[in-house]
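Thanks, everyone. I'll take the cores first, then a helix pair, then the salt bridges. Please have the structure open.

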Amino acid sequence: SSGKQWYQRRVRAPGMLHSGMSLSIFKAWCHESKNMVIMPGYCVAGTMGHKLLNGSRKVETDKGTLTVNMTVEYLSFSAHADAKGILQLIKNCQPKNVVLVHGEERKMTFLIDKITDQFGIPSYKPANGEQITIPCPPHVTATMSKDTFKSVRSAGNKFDGMVVRRNNQLVLLSKQEAVQQLGLKPHTLNLNYKLCLPGLNLEGSVIMERLHSQLSSIITDQKLGTFKRQHDGTLNLNSVHITCRTERGSAVIHVSWNVEDEPVGKAVSDILEECGEDLIMN
């Protein structure tokens, strides 16, 4: 009665008019030319917002075909971070996995390649309605003694022992600690290799001397340690033990080692198997 005009302004989500309150309001108001809808940013292809921004004046809805008489405007505004912002967020948060749920296929593929190159993080871009399974390795916390910690550090962070539960807490025990604290009986697995060299007319001491010279050079080069020659003529490196006996013009070389020294034992047996007699005669 006062002659004043009243205007209603509604800010509703989602911004692409594909569902929810914003779509319901659009259906009720789109017929009136005095009304206006302002699209506040990017709209995915196939959504009502995308159709309107591309000039459609007749749109299909669950209520049938609607004629759009209202004014349609576009406002460049987005609450989403760009690729640079997302990469910075990933750098700051250091997540185990990344899932992209919004954007164009081509651009999400580009961003996943960036994430993989920069961070090496598993990334996913499931389609609408698609289910994905993300593997989540369990995170286990355990304690260890200072002595065990020092031995693990000196061994290049390699742990050889067992895990036990005490007072609802996991504890890492070295083999020595397990034997002492749990009353376990240690078992040792020994491996053996024997090489027979018929017709090798050399004394055992000469064979061992040549083996010592040749094997020490090869094993040292492989950074597996250094063989020591004992007073009885045998060769030793940790648990690896090499002996030689001769009889009737033949030589028998015997190698034994504990399973813990498998790298050295296998290397020695492989060398003897491949070039045993040549190794000695050279």
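Start with the largest nonpolar core, in what is a predicted model. This core has 24 residues. Which of them touch the most other members? They are Leu-211, Phe-227, Ile-242, Ile-253, Val-255, Val-268 and Leu-272. Now the elements behind it. Two helices give two or more residues each: H7, 204-221, and H8, 262-281. Four strands do so as well: E10 (190-197), E12 (235-237), E13 (240-247) and E14 (250-258). There is also a second, separate core, of 15 residues. Among its members are Met-16, Leu-17, Phe-26 and Cys-30.

Stay with Phe-227 for a moment. Set aside its neighbours within four places in sequence. Phe-227 is then in contact with His-212, Leu-215, Ser-216 and Ile-219, and with Leu-235, Asn-236, Leu-237, Val-240 and Ile-242. Val-264 and Val-268 are on the list of contacts of Phe-227 too.

Next, a helix pair. Helix H3 covers residues 83-93, and helix H4 covers 105-119. Their axes come within 11 Å and cross at roughly 35 degrees. The crossing of H3 and H4 is right-handed. Who makes the contact? From H3, Ala-83, Ile-86, Leu-87, Ile-90 and Lys-91. From H4, Leu-111, Lys-114, Ile-115, Gln-118 and Phe-119. By class, that is seven nonpolar residues, one polar and two charged.

Now salt bridges. How many does a search of the whole structure find? Five. I'll show three.

One is Lys-27 with Asp-62, closest N and O atoms 2.6 Å apart. This pair links distant parts of the chain, 35 residues apart. Lys-27 is in helix H1, residues 20-29. Asp-62 is in the loop between strands E2 (58-61) and E3 (64-67). Is each partner buried or exposed? Lys-27 has 16% relative accessibility, so it counts as buried. Asp-62, at 67%, counts as exposed.

Another is Glu-260 with Lys-175, where the closest N and O atoms are 1.9 Å apart. Again, distant parts of the chain are linked, here 85 residues apart. Glu-260 is in the loop between E14 and H8, and Lys-175 is in helix H6, residues 175-182. Glu-260 counts as exposed, at 53% relative accessibility. Lys-175 is partly exposed, at 31%.

The last one to show is Lys-266 with Asp-270, closest N and O atoms 2.9 Å apart. Both are in helix H8, four residues apart, so about one helical turn separates them. Lys-266 is partly exposed, at 43% relative accessible area. Asp-270 is partly exposed, at 38%.

That's it from me. Over to you.

Key:
Residues numbered from 1 in each chain as written. Predicted model: local features only at pLDDT ≥ 70, side-chain atom pairs only at ≥ 80, totals over all residues. Heavy atoms only, no water. Axes fitted to C-alpha atoms, helices over the stretch in contact; angles between N-to-C directions. Left-handed = near helix turned anticlockwise from the far one by under 90°. Contact = heavy atoms within 4.5 Å. Nonpolar A, V, L, I, M, F, W, Y, C, P; charged D, E, K, R; others polar. Core = buried A, V, L, I, M, F, W, Y, C linked by side-chain atoms within 4.5 Å. Buried < 20%, exposed > 50% of the residue type's maximum accessible area, 1.4 Å probe, protein only. Salt bridge = Lys/Arg side-chain N within 4 Å of Asp/Glu carboxyl O.
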